[in-house]
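Here is a short tour for anyone who likes to look at a fold before heading back to the bench. Please have a look at the model below, and then let us walk through a few of its features together.

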Amino acid sequence: MATRIPLSLRGASQRSSHIFLAANRLTLASRAFTTTSLLAKSKKLPPQPSKASKLSRPSTTAQPIPEVTPEPQSEEPPKSNSNAQDLGTLLQQRRWPLLFSGLTALIMGAYISMLIASLSRGPDACSHVDPATGQLPVTGRPRELDSLTSNPVVNDRILREKAMAFDNGLNMPERVMGIRLLRKWLGTRVKGHVLEVAVGTGRNLQFYDWTEVVKGPVTGRELTAEEEKEEEEKAKERIRSVLDQGGKDEEKKKKDKDWVEKMKMPGALEGEMLTFTGVDISEGMMGVARQRLRENVPGGKQLVPKGAFLTSREASESRIGEGKRGEGQEVLLSTLEDRIRLVRADAEAKLPEAPAYPARDGGKEEGKYDTVVQTFGLCSVSNPLALLQNMAGAVKPDTGRIILLEHGKGWSDWINEKLDAWAPQHFSRYGCWWNRDIEKLVKEAEQKVPGLEVVKIERPGFFQAGTTVLVQLKVKSQGK
């Protein structure tokens with residue numbers, strides 16, 4: 001006999017069943033919502049609607065959990081990341097052109113800024129006009145030094161201090177404009193007996209090789225085995241260097257014993273300097289040059305005396321540096337048997353002869369230089385043609401070279417007009433005329449000075465618009 005369940009218990013059982021099913025459906029729905037939300041966040045899909053709203057009335061059957069199929073993820077990176085990567089790749093590929101362009105813009109900006117700052121007052125009347133002639137004097141010295149040299153109270157120390165201040169003011173402009181690199185190049189091209197005209201404060205001295213100058217000639221003394229081996233290697237290097245330059249037939253050169261012996265001698269190799277003579281009209285400027293010799297020549301502190309020049313102040317009446325012109329010369333410094341000299345002289349009137357050196361050819365070449373150097377000198381003299389003629393007479397014919405580093409008119413008419421406008425003030429401050437046409441002056445001298453020949457004219461530094469001029473000259477033997 002079947003047992004009957006009371007109605008009250010039956011209803012309670014049904015209600016419990018309904019509650020249990022509802023709880024299960026709530027749990028499943030919450031799990032489905034959580035899973036869908038997480039997938040939506042990771043795959044960027046919209047979240048699925050919750051099933052809890054459908055539980056308003058109980059159901060005897062459980063609803064299946066919908067399966068969410070994530071969309072395949074795109075392999076392309078976001079657009080912002082793609083743009084950043086493209087920009088980084090572009091910068092990496094073009095880093096050198098961009099770096100060069102930026103550096104060029106920096107140099108040009110700095111150069112223009114310094115030029116504007118230097119000439120900010122505008123062109124004005126020069127206060128150093130010679131009352132006798134009504135014209136600006138041309139001495140090649142800064143105007144302040146020119147006025148001090150005529151003052152008897154001013155001594156050598158004050159002149160050197162003023163010259164040093166002037167020299168320090170050139171450091172930054174020369175670095176920015178590339179002049180320092182040109183001076184360094186020039187130092188590697190000199191050889192043999194070297195004459196530097198308008199040596200000034202000696203800004204080129206640090207770029208010369210003083211090894212052979214200090215060492216001196218090897219003749220007249222016995223050499224050790226090591227020294228003999230070194231001299232043999234240098235002799236071979238000199239011959240190879242000259243042969244590599246071309247010109248004369250190599251086989252004929254090798255058979256020419258006189259030529260071979262000549263090439264073996266010291267001073268045949270570029271950069272190999274045997275003696276140095278510096279010439280200037282300003283004693284104060286050469287006071288700074290003497291200090292540079294002490295700093296750059298090996299053993300210079302023992303070779304070059306410190307303090308006053310070797311000449312005494314009592315001999316001032318015979319000096320030519322105090323506004324006097326003429327052929328008079330004064331040796332302010334001589335050491336290492338004249339292998340290093342500083343001579344105060346008027347380069348437009350007469351240049352000193354080269355010192356004697358054992359084992360060097362005499363005859364017509366005696367007293368002449370293998371290399372004559374001048375940096376920024378033609379802009380400072382009253383008669384550039386006379387100076388070029390004197391330099392041509394001081395250099396060895398055929399084999400010698402004259403190297404000039406100058407500044408003047410360039411390619412741009414607009415820049416040349418500005419140079420003309422500011423020329424009086426620039427001369428008043430620096431003692432040079434920066435608006436001279438250097439190329440025209442040199443070619444004019446080529447026509448008027450016998451034997452003078454222009455080897456090369458270059459205008460390095462494109463950002464200077466051709467205002468820096470590098471000239472190489474030689475002199476042909478007359479009567480050949």
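Leu-87, Leu-90, Leu-91 and Leu-98 make a nonpolar surface patch of about 350 Å² in this predicted model. Which helix gives the most to the nonpolar patch? Helix 2, covering residues 79-93, does, with three residues. Leu-98 sits in helix 3, which covers residues 95-118. With a relative accessible area of 47%, Leu-98 counts as partly exposed.

Now let us turn from the surface to the strands. Is strand 2, residues 273-280, largely enclosed or open? Eight of its eight residues are buried, so strand 2 is largely enclosed by the rest of the structure. Two of its pairings can be followed in the model. Strand 1 (residues 192-197) runs parallel to strand 2, and the two share six bridges. Strand 4 (residues 340-345) also pairs with strand 2 in the parallel sense, here over five bridges. If you would like to find these pairings on screen, two positions will help: Gly-192 stands opposite Met-273 of strand 2, and Gly-278 has Leu-342 of strand 4 as its bridge partner. As a general reminder, side chains in a regular strand alternate between the two faces of the sheet.

Helix 14, residues 384-394, also has a buried side to show. Its buried residues are Pro-384, Ala-386, Leu-387, Leu-388, Met-391, Ala-392 and Ala-394. What do the buried residues of helix 14 pack against? Their partners are strand 1, strand 5 (371-375), strand 6 (401-407), helix 16 (438-448), strand 7 (452-458) and strand 8 (468-475). In general, an α-helix has 3.6 residues a turn, so residues three or four places apart point the same way.

Finally, a word on the cysteines. How many disulfides does the structure hold? The count is zero. Why is Cys-379 not bonded to Cys-432? Its sulfur is 4.0 Å from that of Cys-432, the closest cysteine sulfur, and this is too far for a bond, because a disulfide needs the two sulfur atoms within 2.5 Å. Seen from the other side, Cys-432 is in no disulfide either, and the nearest cysteine sulfur is that of Cys-379. The table sets out how accessible these two cysteines are, together with Leu-98 from the patch.

| Residue | Relative accessible area | State |
|---|---|---|
| Cys-379 | 0% | buried |
| Cys-432 | 7% | buried |
| Leu-98 | 47% | partly exposed |

Terms used. Residues numbered from 1 in each chain as written. Predicted model: local features only at pLDDT ≥ 70, side-chain atom pairs only at ≥ 80, totals over all residues. Heavy atoms only, no water. Buried < 20%, exposed > 50% of the residue type's maximum accessible area, 1.4 Å probe, protein only. Helix = DSSP H or I, 4+ residues; strand = E, 2+ residues; numbered from the N terminus. Pairing = 2+ DSSP bridges. Patch = residues over 30% accessible without salt bridge, like charges linked within 9 Å, V, L, I, M, F, W, Y side chains within 5 Å. Areas by Shrake-Rupley, 256 points an atom, 1.4 Å probe, with all protein chains shown as cover. Salt bridge = Lys/Arg side-chain N within 4 Å of Asp/Glu carboxyl O. Contact = heavy atoms within 4.5 Å.
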